[in-house]
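The following exercises concern a pocket, nonpolar cores and aromatic pairs. Each task is followed by a stepwise solution.

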Amino acid sequence: MASLKSAVAYSSRLLTTITHQTHVVYIKRSLHVSRLPLFKPADGRFIPFVRQSSSAAAGAEKGEDSFLKWFLLLIPATTFGLGTWQVKRRQWKLQLINELHKLTAAAPIPLPLDPHELKSLEYRRVRVRGQYDHSKELYILPRSPVDPEREAREAGRLSSSGERGANVVTPFYCTDLGITILVNRGYVPRQKISPETRMKGQVEGEVDVVGVVRLTEIRKPFVPNNDVERNRWHYRDLEAMSNLTGAEPIFIDADFASTIPGGPIGGQTRVTLRNEHMQYIITWYGLCAATSYMWFAKFIKRI
């Protein structure tokens with residue numbers, strides 16, 4: 001009971017103190033407002049300082065709106081710059097594709113043995129003579145037959161149509177050079193991957209082959225690792241392929257004219273690079289036009 005009385009008494013004192021402080025604050029505020037300076041303009045009316053403060057606040061707000069106005073203008077300016085950059089990128093990509101087509105269509109030259117020279121000859125056509133060692137075939141899969149027109153249409157898609165199979169890579173002993181290289185003979189459908197299903201194309205003896213020089217590949221994201229034990233290759237690893245077959249780390253794609261009847265179909269060099277820059281150009285310029293109109297309607301048309 002005594003504790004309850006003490007709590008009630010403490011609450012009463014606290015309430016009295018808060019009420020007293022509230023009156024003091026109210027009196028101080030009243031005195032502060034009454035002491036505000038007055039300004040007398042030419043028409044004789046007195047204007048309190050409070051109105052001057054409101055004008056200053058309005059000026060600050062106007063300054064913030066001006067800053068926001070020019071800051072938001074960066075959005076259409078940036079998208080316009082990105083669209084222009086994609087225009088230049090598209091021109092560069094078309095020029096690169098044109099140069100690759102010229103290289104793959106040029107007259108073949110003898111295969112050089114200098115490794116440094118080979119590094120500068122990717123996509124260059126070369127000519128070799130020798131014989132295949134069919135007992136050491138390698139299979140790069142999954143692969144679809146090269147169709148430049150279809151690939152240009154399907155560039156950028158997550159999936160593509162067409163059948164799936166493998167590219168057959170076979171060691172090739174060059175009798176004129178005395179070395180063994182790797183030759184991508186071409187594409188075979190899934191049911192023809194096994195050599196027993198295409199014995200007619202397993203040619204014996206010396207043949208002439210014209211092909212395109214290819215360098216080793218770096219595994220791209222989401223591409224599986226090569227399974228050497230199961231002979232399932234997903235990208236060109238010349239070092240691993242040459243160690244397994246005993247060939248030199250030299251790789252060429254046989255052209256279509258080098259196709260053996262009943263064997264893999266040559267000409268499987270892909271020179272169609274992904275060219276999606278036109279989509280980016282439309283996207284960035286479209287965003288530029290939309291944000292420019294929104295900025296105009298917000299800050300210019302309103303005025």
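**Exercise 1.** Which element gives the most to the lining of the second largest pocket?

*Solution.* The model is predicted. The second largest pocket has a volume of about 240 Å³. Of its 14 lining residues, Pro-115, Leu-118, Leu-238, Pro-249 and Ile-250 are the closest to the centre. Two elements, helix H4 (115-119) and strand E8 (207-214), give two or more residues to this lining. H4 gives the most, with three residues. By class, the lining comprises ten nonpolar, one polar and three charged residues.

**Exercise 2.** Identify the residues with the most contacts inside the largest nonpolar core, and the strands that supply it.

*Solution.* This core has 18 residues, and those with the most contacts inside it are Val-128, Phe-172, Ile-181, Val-183, Val-209 and Ile-252. At least two core residues come from each of strands E4 (125-132), E6 (165-174), E7 (179-189), E8 and E9 (251-254). Beyond four places in sequence, Ile-181 touches residues including Val-128, Phe-172 and Ile-252. A second, separate core of nine residues includes Leu-138, Trp-233, Leu-238 and Met-241.

**Exercise 3.** Classify the two aromatic pairs by geometry.

*Solution.* For Phe-80 and Tyr-285, the ring centres are 5.7 Å apart and the planes lie at 40 degrees; the pair is therefore tilted. Phe-80 belongs to helix H3 and Tyr-285 to helix H7, 205 residues apart. Phe-80 is partly exposed, because its relative accessible area is 46%; for Tyr-285, also partly exposed, the value is 29%. Tyr-132 and Phe-172 form an edge-to-face pair, with 4.9 Å between centres and 65 degrees between planes. This pair links strands E4 and E6, and both residues are buried.

Methods. Residues numbered from 1 in each chain as written. Predicted model: local features only at pLDDT ≥ 70, side-chain atom pairs only at ≥ 80, totals over all residues. Heavy atoms only, no water. 1 Å grid on protein atoms, 1.4 Å probe; cavity = no way out; pocket = protein on both sides within 12 Å on 5 of 7 lines; lining within 4 Å. Points joined across faces, edges and corners; volume = space filled by probe spheres on them. Helix = DSSP H or I, 4+ residues; strand = E, 2+ residues; numbered from the N terminus. Nonpolar A, V, L, I, M, F, W, Y, C, P; charged D, E, K, R; others polar. Core = buried A, V, L, I, M, F, W, Y, C linked by side-chain atoms within 4.5 Å. Buried < 20%, exposed > 50% of the residue type's maximum accessible area, 1.4 Å probe, protein only. Contact = heavy atoms within 4.5 Å. Phe/Tyr/Trp six-rings, centres within 6.5 Å; stacked < 30°, edge-to-face > 60°.
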